[in-house]
Amino acid sequence: MQSDQDQIWMQRALDLAKNGMGYVSPNPMVGCVIVSDEGNVIGEGYHERYGQEHAEVNAIKSVQDQSRLKNATLYVTLEPCSHFGKTPPCADLIAQKPIKRVVAAMKDPNPEVSGKGFEKLVKSGIKVDSGVLKEEAEELNEKWLHYLEYKRPFVTLKIAQTADGYIAAPNGDSKWISCEESRELVHLWRSREDAVMVGRNTAMYDNPALTVRMVEGRQPKRVVIDGPFELPKHLNLFSDAFEEKTIVITHNREKSDKESDPMLKMFQTNYFRGEVVQVDELNGHVNLKEALQKLGEMGITSILAEGGQQLSSALIREGLADRIELFIAPKLLGGGTKSIFGLGINRMEDIVPFRKTEWRRVGKDILLTLNN
């Protein structure tokens with residue numbers, strides 16, 4: 001039975017967990033709060049960086065007087081791990097302490113844990129309660145949970161369009177449709193995602209850097225879909241300081257094999273230092289589902305797709321856009337390139353629905369969030 005106090009302390013743990021956003025992937029964000037028998041917070045912690053100590057360890061270490069752990073309650077947003085990974089099992093550490101009770105927001109769905117952490121705690125005599133603010137915990141780590149279930153990254157598709165649905169003028173110019181506040185928000189999103197993805201047309205004509213500049217944060221990997229493997233290497237994605245973070249997805253195995261040949265690289269002065277991922281061709285294009293699966297195998301759990309019309313439409317058409325962030329600017333073009341085209345829908349009964357929607361104002365723009 002969860003009490004009001006349980007919810008208060010768990011909310012604090014969830015707030016702490018958010019501090020790891022953008023830094024702990026492919027691990028989940030986790031926060032932990034330790035409350036003494038008298039009802040006072042004596043320790044706090046969160047998972048700060050991938051490969052570093054988990055939230056429970058940091059929280060326990062933060063308790064200055066370890067004797068105060070006797071009969072304390074530990075609140076954690078995810079079931080303590082029970083296996084050796086980058087760090088030792090948190091459940092073992094907790095079991096060694098005189099903690100009376102552990103309250104978790106949710107069970108860890110990872111098959112390596114999945115209840116085993118709780119079992120260790122119960123066997124050591126610790127009372128375990130689970131499910132406090134479970135929905136909030138699942139929402140916090142929805143991208144990680146998606147990755148565990150589908151073995152591919154959670155894809156957020158970002159589109160910036162005019163009020164009449166255009167993303168570029170007839171001459172191809174697209175800068176800037178959205179306002180500065182919207183662009184700053186996109187940079188914040190980039191810092192929180194494992195990778196940013198564009199199609200070959202966007203890479204060619206916009207020559208984006210896809211880096212985090214307007215805010216402080218981690219630089220994501222950069223994925224470019226280049227089926228024929230023909231993009232020139234002078235583009236920013238292949239020549240700037242973050243070249244090694246670029247991943248090219250191609251179906252042209254012959255060309256990409258030559259590019260990746262270590263013997264040929266010995267004789268090249270400006271060879272590509274990023275990664276090349278080969279996938280099958282599907283209807284003349286890159287097989288996007290296979291591409292996402294391969295990116296998932298590389299440990300990429302989330303992607304911000306900033307594509308043009310072709311990539312955006314393909315992701316929606318193939319059911320691969322898990323969320324759409326649609327910026328609508330109070331501007332009109334009356335012609336040019338539509339944001340979405342060719343979904344293969346001819347009847348209203350086949351229209352694409354969304355499970356959850358949300359509106360908000362960003363500067364002069366309206367941001368419509370659509371969740372599948």
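In this predicted model, the chain carries 48 positive and 53 negative side chains, and the centres of the two sets lie 1 Å apart. The exposed area of the chain comes to about 18,600 Å², of which carbon and sulfur atoms supply 49%. Of the 372 residues in the chain, 50% are buried, and the C-alpha atoms fill a box of roughly 70 × 55 × 40 Å when this is taken along the principal axes.

The secondary structure of the chain consists of 13 helices and 18 strands. Among the contacts in the chain with a separation of 6 or more, 73% are made by residues that stand 24 or more positions apart.

Five of the strands form an open sheet with mixed pairing, in which the order is β2-β1-β3-β4-β5. The edges of this sheet are β2 (41–46) and β5 (127–130), each of which pairs on one side only, and neighbouring strands are turned against each other by 15° on average, with direction ignored. Strand β1 (residues 31–35) runs antiparallel to β2 and is joined to β2 by five bridges; within this pair of strands, Val33 has Glu44 of β2 as its bridge partner.

Two helices are placed against these strands. Helix α1, which comprises residues 4–17, lies across β1, β2, β3 (73–76) and β4 (101–104), and runs at about 140° to β1. Helix α2, which comprises residues 55–62, also packs on the sheet, where α2 touches β1, β2 and β3, and the direction of this helix makes about 145° with that of β2.

Conventions:
Residues numbered from 1 in each chain as written. Predicted model: local features only at pLDDT ≥ 70, side-chain atom pairs only at ≥ 80, totals over all residues. Heavy atoms only, no water. Pairing = 2+ DSSP bridges. Helix = DSSP H or I, 4+ residues; strand = E, 2+ residues; numbered from the N terminus. Axes fitted to C-alpha atoms, helices over the stretch in contact; angles between N-to-C directions. Contact = heavy atoms within 4.5 Å. Buried < 20%, exposed > 50% of the residue type's maximum accessible area, 1.4 Å probe, protein only. Areas by Shrake-Rupley, 256 points an atom, 1.4 Å probe, with all protein chains shown as cover. Lys, Arg positive; Asp, Glu negative; His and termini not counted. Charge placed at Lys NZ, Arg CZ, Asp CG, Glu CD.
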